[in-house]
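Grab a pencil and work through the exercises below with the sequence and the 3D view open. Try each task yourself before you read its solution.

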Amino acid sequence: MAENALAPEQKLPTAPPVLPDDEVLYELADLFRVFGDSTRIKILYALHDDELCVQDIANAVQLSQSAVSHQLRVLKDSKLVRFRRDGKTVYYALDDDHVRSILSMGMDHIEE
């Protein structure tokens, strides 16, 4: 064996990982902060398969319309839910399949 060969337990130094910009990491942390509230998670699960009006969401999660409206505002601002108007009624739905995937992956993770 050559004198300069490294033993298997010795490793060459590696370059540090390349991280996203701080601004992107802060946005990601904010997104996960939104998921950190069980009331918002309940609302997202209520919307998992169907769009619902505020009253239907309130009934599903057993909260007042006011409390649900407040949480929906946070979810809309984070682009996790979208809405559409039908006359005086506003219907909410998950914004896209990414939100469903995040919920599903989180559930898979905690059920392991």
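**Exercise 1: The residue after a helix**

Task: Find the residue that follows H3 and work out which sign its phi has.

Solution. Step one: H3 is followed by glutamine 62, and the phi of this residue is positive, near 55°. Helices here are DSSP runs of H or I with at least four residues, strands are runs of E with at least two, and both are numbered from the N terminus. Before going on, a word on the model: it is predicted, so local features need pLDDT of at least 70 and side-chain atom pairs count only at pLDDT 80 or more, while totals for chains, interfaces and linings use all residues. Residues are numbered from 1 along each chain as its sequence is written, and side-chain values use heavy atoms, with hydrogens and water left out.

Step two: place the residue. Glutamine 62 sits in the loop between H3 and H4. Its relative accessible area is 70%, which makes glutamine 62 exposed (buried is under 20%, exposed is over 50%, partly exposed is in between, with a 1.4 Å probe and protein chains only).

Step three: ask what makes that phi worth a look. Most residues other than glycine have a negative phi. Glutamine 62 is not a glycine, yet has a positive phi.

**Exercise 2: Another positive phi**

Task: Look at lysine 79 and say where it lies and whether it is buried or exposed.

Solution. Lysine 79 belongs to the loop between H4 and strand S2 (81-86). With a relative accessible area of 63%, lysine 79 is exposed. Its phi is near 60°, again a positive value in a residue other than glycine.

**Exercise 3: One face of a helix**

Task: Which residues of H3 are buried, and what do they pack against?

Solution. Start with the list: in H3 (residues 54-61), Val54, Ile57, Ala58 and Val61 are buried. Viewed down the helix axis, the buried residues of H3 fall within an arc of 100°, so they line one face of the helix (the arc is that of the directions from the helix axis to the C-beta atoms). The general idea helps: an α-helix has 3.6 residues a turn, so residues three or four places apart point the same way. Now the partners: these buried residues pack against helix H2 (38-46), strand S1 (52-53), helix H4 (65-77) and strand S3 (89-94). Contact means heavy atoms within 4.5 Å.

**Exercise 4: Two buried residues**

Task: Which residues do glutamine 71 and histidine 48 touch, leaving aside neighbours within four places in sequence?

Solution. Take glutamine 71, which is in helix H4. Glutamine 71 is buried, at 11% relative accessible area, and touches Asp37, Thr39, Arg40 and Ile43. Then take histidine 48, in the loop between H2 and S1. Histidine 48 is also buried, at 18%, and its contacts are Leu94, Arg100, Leu103 and Ser104.

**Exercise 5: The whole chain**

Task: What pattern does the protein chain follow along the sequence, and how far apart are the C-alpha atoms of threonine 14 and glutamine 62?

Solution. Reading along, you get α-α-β-α-α-β-β-α. The radius of gyration is 22 Å, well over the 13 Å that the globule rule gives for 112 residues, so the chain is more spread out than a compact globule (the radius is taken over C-alpha atoms, and the rule is 2.2 Å times the number of residues to the power 0.38). Next, the distance: threonine 14, in the segment before helix H1 (22-35), has its C-alpha atom 53 Å from that of glutamine 62. Threonine 14 is exposed, with a relative accessible area of 71%.
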